[in-house]
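Q: I am new to this structure and would like a close look at a single part of it. Please take one buried region and describe what surrounds it.

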Amino acid sequence: MAPSTTVPTVADIEVPETLLKKRKQNEKAREERLAAASAARKAAKAKRKVIFKRAEAYVKEYLAKEREEIRLKRVARASGDFYVPTESKVYFVVRIRGINNIAPKPRKILQLLRLLQINNGVFVKVTRATQQMLRLVEPYVTYGEPNLKSIRELIYKRGYGKVNKQRIPLTNNAVIEENLGKYDILCVEDLVHEVATAGPNFKQVRSLKLAYFISVIFAFQATNFLWPFKLSNPTGGWRQRKFKHFVEGGDFGNRETNINNLIRQMN
């Protein structure tokens, strides 16, 4: 007869209550994670459809605008007139001079424009106030009218957002939606469209709201999302007479549509 043993078998050992509770909690948490992941995938799929539809609508809008401009040019030519295009709603401003020998007023304006370093660039909505400001800082900046291609290339290649006072790259639409979703700006194409058309939420993307208190004092209020663009020196360098006006063979001042060539060289 085999000797009896006091060692319990596996069937005799009861699982501790705490371990059972832990298993149930882990299983419940796993099910919740799977359900949340499935819901997130469905929401992302639906959001992609919305983004694609918006992008298609924007492309149609841009093409219709180009065709209308071509039509107006042809009509003007046929009637022996000149077609004058509408003035741009947005300027792209680039700082080209340093901090030496700057008067207090231009220095303050450059701070308001967030042009703190050489080769920094920002989008500015064209208003009477901003035009007067740009005239005061003209020797220190160059600016012009960016086209759609330039705006898109800048945002896609060098676009950074201001998130919790930090410079965050726009590598994901989630960054844009998290900060500008309340303004119905969900993706990079929404951002490009808002800047290119100077839409109603341009101020939230990057704009200036200025008021004169006295003849020389400005108030500045803005909620900025786009961080100032940090550009490189232009390919081939600046002109030899950099500190003369653009029309005199230099670089500073208003260069209108020629700003697009400069953006290609600096981007």
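**Ile-155 and its surroundings**

A: Not counting neighbours within four places in sequence, Ile-155 is in contact with Leu-170, Val-188, Leu-191, Val-192, Val-195, Leu-226 and Phe-229. The model is a predicted one.

Ile-155 belongs to the largest nonpolar core, which has 30 residues. Together with Phe-123 and Leu-191, Ile-155 touches the most other members of that core. At least two residues of the core come from each of strand 1 (90-95), helix 4, helix 5 (173-180), helix 6 (188-197) and helix 8. A separate core of 17 residues lies apart from this one, and Leu-110, Leu-112, Leu-115 and Val-122 are among its members.

Two of the helices that supply the larger core also pack against each other. Helix 4 spans residues 148-158 and helix 8 spans residues 259-266. Their axes are 10 Å apart and meet at an angle of about 25 degrees. Angles under 35 degrees count as roughly parallel, so helix 4 is roughly parallel to helix 8. The crossing of the two helices is left-handed. On the side of helix 4, the contact is made by Lys-149, Ser-150, Glu-153, Leu-154 and Arg-158. Helix 8 contributes Asn-260, Ile-263, Arg-264 and Met-266. By type, the residues of this contact are 3 nonpolar, 2 polar and 4 charged.

The loop that leads to helix 8 from strand 9 (253-254) holds Glu-256. The phi of Glu-256 is positive, about 50 degrees, although this residue is not a glycine. Most residues other than glycine have a negative phi. Glu-256 has a relative accessible area of 47%, so it is partly exposed.

On the other side of strand 9, the loop between strand 8 (229-230) and strand 9 contains His-245. His-245 counts as buried because its relative accessibility is 17%, and the cut-off for buried is under 20%. Leaving out residues up to four places away in sequence, His-245 touches Glu-138, Gly-250, Asp-251, Phe-252, Gly-253 and Asn-254.

A second residue with a positive phi is Arg-114, where the value is near 65 degrees. Arg-114 sits in the loop between helix 2 (104-112) and strand 2 (120-125). With a relative accessibility of 14%, Arg-114 counts as buried, whereas Glu-256 is partly exposed.

Conventions. Residues are numbered from 1 along each chain as its sequence is written. This is a predicted model: local features need pLDDT of at least 70, side-chain atom pairs count only at pLDDT 80 or more; totals for chains, interfaces and linings use all residues. Side-chain values use heavy atoms; hydrogens and water are left out. Axes are lines fitted to C-alpha atoms, for helices over the stretch in contact, and angles run from 0 to 180 degrees between N-to-C directions. Helices (H or I, at least four residues) and strands (E, at least two) are DSSP runs, numbered from the N terminus. Angles under 35 degrees count as roughly parallel, over 145 as roughly antiparallel, 65 to 115 as roughly perpendicular and the rest as oblique. A crossing is left-handed if the near helix is turned anticlockwise from the far one by less than a right angle, and right-handed if clockwise. Contact means heavy atoms within 4.5 Å. Ala, Val, Leu, Ile, Met, Phe, Trp, Tyr, Cys and Pro count as nonpolar, Asp, Glu, Lys and Arg as charged, and the others, Gly among them, as polar. A nonpolar core is a set of buried Ala, Val, Leu, Ile, Met, Phe, Trp, Tyr and Cys residues joined through side-chain atoms within 4.5 Å. Buried means under 20% relative accessible area, exposed over 50%, partly exposed in between (1.4 Å probe, protein chains only).
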